[in-house]
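Q: Please take a close look at the interior of this chain. How is its nonpolar core built, and how do the helices and strands around it fit together?

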Amino acid sequence: EAPKNMTIPSLQRLLRVPNSETGAKPHTVVLSVSKSTIPGAGRGLYLTYRGPHAKWKVPDYIDLGRYGPHTASDIKEDFMMQVKNFLYDQHPSEWSFEAPAANNSNCSNEDQEDSEELEDQGLTIHGKKIVDGMIFDITDDATGEVHEMAEKTLLPFVNEVTVQGKRSSRKPKQVQNIDADHHNDGRLHYLLRRGSCFKRNEPMELLVYYGAKYQVVRCGKYPDDSDASSEEGRSPVAMVEGRTAGSDIEDMSSVTNPPSQDNSVAVSMTASGHAIHQSVCPSCRERSTKVCDKTMATLPGYSNMLKSIFTYTEKDVISILDFFIESPPMESVPRQRMFWVVRQLRLYLERVLYQKDGRKVPSNVNEKLDRALALFPRGENDPHHDEDMRAMEKYQHMGVVIRKETKKSGFKTGMVEQIVLPGPGSGPRVGDGDDEDKDESMPKKYLVVYFSGEGEDVVTEDEISEYSLTNSFGVMG
């Protein structure tokens with residue numbers, strides 16, 4: 001039986017691939033979702049061959065459909081994607097891709113004329129002009145999970161091959177049979193790899209490889225893979241040639257003999273089935289007050305978010321506020337983070353962006369700030385009110401700036417980044433505080449990261465109250 005937090009979609013897809021043999025029936029394959037063969041990966045996408053042969057070797061690249069983007073809202077500028085990843089603890093990054101360069105479409109020789117036209121006119125998708133640095137994001141803005149339109153394609157359930165070894169000697173442990181390809185129109189498609197082999201009626205999991213640039217996300221999901229951060233490999237989107245588009249694709253709701261659904265491993269899953277991992281260095285568990293860089297690499301990053309805010313233009317700020325007002329998070333924890341971001345934006349506008357020119361924040365921007373701040377906590381008649389109030393109390397110290405006196409340099413300034421939970425023995429572990437709620441007598445402690453590279457500390461609530469800076473914006477560094 002599947003864990004309560006893992007659901008298996010009933011939707012399946014039937015693909016018919018033309019058979020090159022004269023008079024032969026077409027090759028038929030079924031795409032369906034089941035528990036992945038990769039430990040901790042949640043759900044995976046499987047292909048079952050139901051054609052005329054005992055074994056089928058894919059004759060050419062076959063287009064399985066569009067991974068994304070599906071709507072204009074799936075296309076985001078990098079700063080907006082950073083905000084969304086901050087709200088949802090980096091989960092959307094697991095399903096996001098860099099958009100193709102605005103003047104670099106992937107095409108075959110016969111499409112060269114179309115490519116030159118794109119280069120002259122610029123690439124536009126869903127009415128949005130693509131500029132360098134844009135991100136394709138197939139998650140819902142209000143939940144951070146894969147949205148319904150993308151999930152219906154089943155392609156987000158394709159997992160990545162796992163690799164073993166160190167750096168240049170790293171090798172995949174499974175066979176890659178999917179390539180990701182930006183089509184001429186800029187959209188990202190998943191292709192069944194030429195030469196892949198499937199046995200009749202034997203489900204095989206479909207697996208892709210995203211390359212070295214995906215390593216930041218990979219390390220957050222799978223802590224044991226962190227020593228590959230310097231891996232050299234191909235680009236995050238594998239470019240292929242000889243693809244064949246136009247396969248007959250239709251959705252099926254009742255295809256027999258799906259792969260086994262023995263979902264006995266209880267792991268925490270996102271809505272799309274990917275496991276949630278918190279990467280913590282084993283050595284950190286033995287310490288009472290220190291957490292090392294390996295753990296820090298996976299933290300949500302209040303200080304990183306604040307550093308980014310320093311770079312925003314007025315247009316950027318308005319875009320973020322409109323994003324919050326139009327699609328505020330449904331859940332209380334990301335909504336509390338949204339509230340923190342809006343407060344920092346107001347301080348930035350008042351004390352930095354407009355102050356340097358001796359101006360006041362324009363009334364239309366102030367109105368947007370007020371509307372965004374009013375979204376949290378929700379009113380007493382809202383069913384989410386109590387949850388909002390609990391989140392407000394629980395995370396009240398997140399993003400607070402503190403300044404401590406030191407013997408060496410006089411003072412050091414840092415930001416509260418995470419709740420620290422007791423680990424095995426006496427050492428700490430980084431978490432969201434859920435375990436801490438089980439024992440009210442357990443003292444609350446928090447991880448502080450210092451701006452000037454002076455490391456980090458674990459502090460108590462009393463220390464935060466003693467060292468916090470009320471007018472803290474602009475003290476970084």
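A: Among contacts in the chain between residues at least 6 apart in sequence, 71% join residues at least 24 apart, where contact means heavy atoms within 4.5 Å. The model is predicted, so local features are described only at pLDDT of at least 70 and side-chain atom pairs only at pLDDT 80 or more, whereas totals for chains, interfaces and linings use all residues. Residues are numbered from 1 along each chain as its sequence is written, and side-chain values rest on heavy atoms, with hydrogens and water left out.

The chain holds eleven helices and 25 strands; these are DSSP runs numbered from the N terminus, helices being H or I runs of at least four residues and strands E runs of at least two. Of its 477 residues, 51% are buried. Buried means under 20% relative accessible area, exposed means over 50%, and partly exposed lies in between, with a 1.4 Å probe and protein chains only.

The largest nonpolar core comprises 51 residues, and Tyr312, Phe324, Leu345 and Leu349 have the most contacts inside it. Two or more residues each come from α1 (78-87), α6 (302-309), α7 (314-326), α8 (332-353), α9 (363-373), β21 (401-406), β22 (410-422) and β24 (445-450). The largest share, nine residues, is that of α8. Such a core is a set of buried Ala, Val, Leu, Ile, Met, Phe, Trp, Tyr and Cys residues joined through side-chain atoms within 4.5 Å. In soluble globular proteins, nonpolar side chains tend to be buried together.

Leucine 345 illustrates the packing: setting aside residues up to four places away in sequence, Leu345 touches Ile309, Tyr312, Val317, Ile320, Leu321 and Leu369. Separate from this core is a second one of 38 residues, with Ala99, Phe157, Tyr190 and Leu192 among them.

Helix α1 also contributes to the largest core. Eight of the ten residues of α1 are buried, so the helix is largely enclosed by the rest of the structure. They are Phe79, Met80, Met81, Val83, Lys84, Asn85, Phe86 and Leu87, and their cover includes β6, β7, β10, α6, α7 and α8. Just after α1, aspartate 89 has a positive phi of about 55 degrees.

Three of the strands that cover α1 form an open, antiparallel sheet in the order β6-β10-β7. β6 (75-76) and β7 (96-98) are its edge strands, each with a single partner, so one side of each lacks a neighbour in the sheet. Pairing requires that DSSP find at least two bridges between two strands. The antiparallel pair of β7 and β10 (residues 135-137) is joined by three bridges, in which phenylalanine 97 has phenylalanine 136 of β10 as its bridge partner.

Helix α8 also packs on α10 (residues 385-394), at an angle of about 55 degrees and with the axes 9 Å apart. This makes α8 oblique to α10: angles under 35 degrees count as roughly parallel, over 145 as roughly antiparallel, 65 to 115 as roughly perpendicular, and the rest as oblique. The axes are lines fitted to C-alpha atoms, for helices over the stretch in contact, and angles run from 0 to 180 degrees between N-to-C directions. The crossing of α8 and α10 is right-handed, meaning that the near helix is turned clockwise from the far one by less than a right angle, whereas anticlockwise would be left-handed. At this meeting, Ser332, Val333, Arg335 and Gln336 of α8 face Glu387, Asp388, Ala391 and Met392 of α10 in contact.

The second core leads to strand β15 (residues 188-192), since Tyr190 and Leu192 belong to that core. All five residues of β15 are buried: Leu188, Tyr190 and Leu192 point one way, and His189 and Leu191 the other. β15 pairs antiparallel with β5 (residues 61-68) through five bridges, with isoleucine 62 opposite leucine 192. β14 (residues 178-182) likewise pairs antiparallel with β15 over five bridges, and aspartate 181 stands opposite histidine 189. β14 and β15 form a hairpin with five residues between them, where glycine 186 in the turn has a positive phi of about 95 degrees.

Aspartate 60 lies in the loop between β4 (55-57) and β5. At 23% relative accessibility, aspartate 60 counts as partly exposed. Aspartate 60 and glycine 195 are 135 residues apart in sequence, yet their C-alpha atoms are 7.1 Å apart in space.
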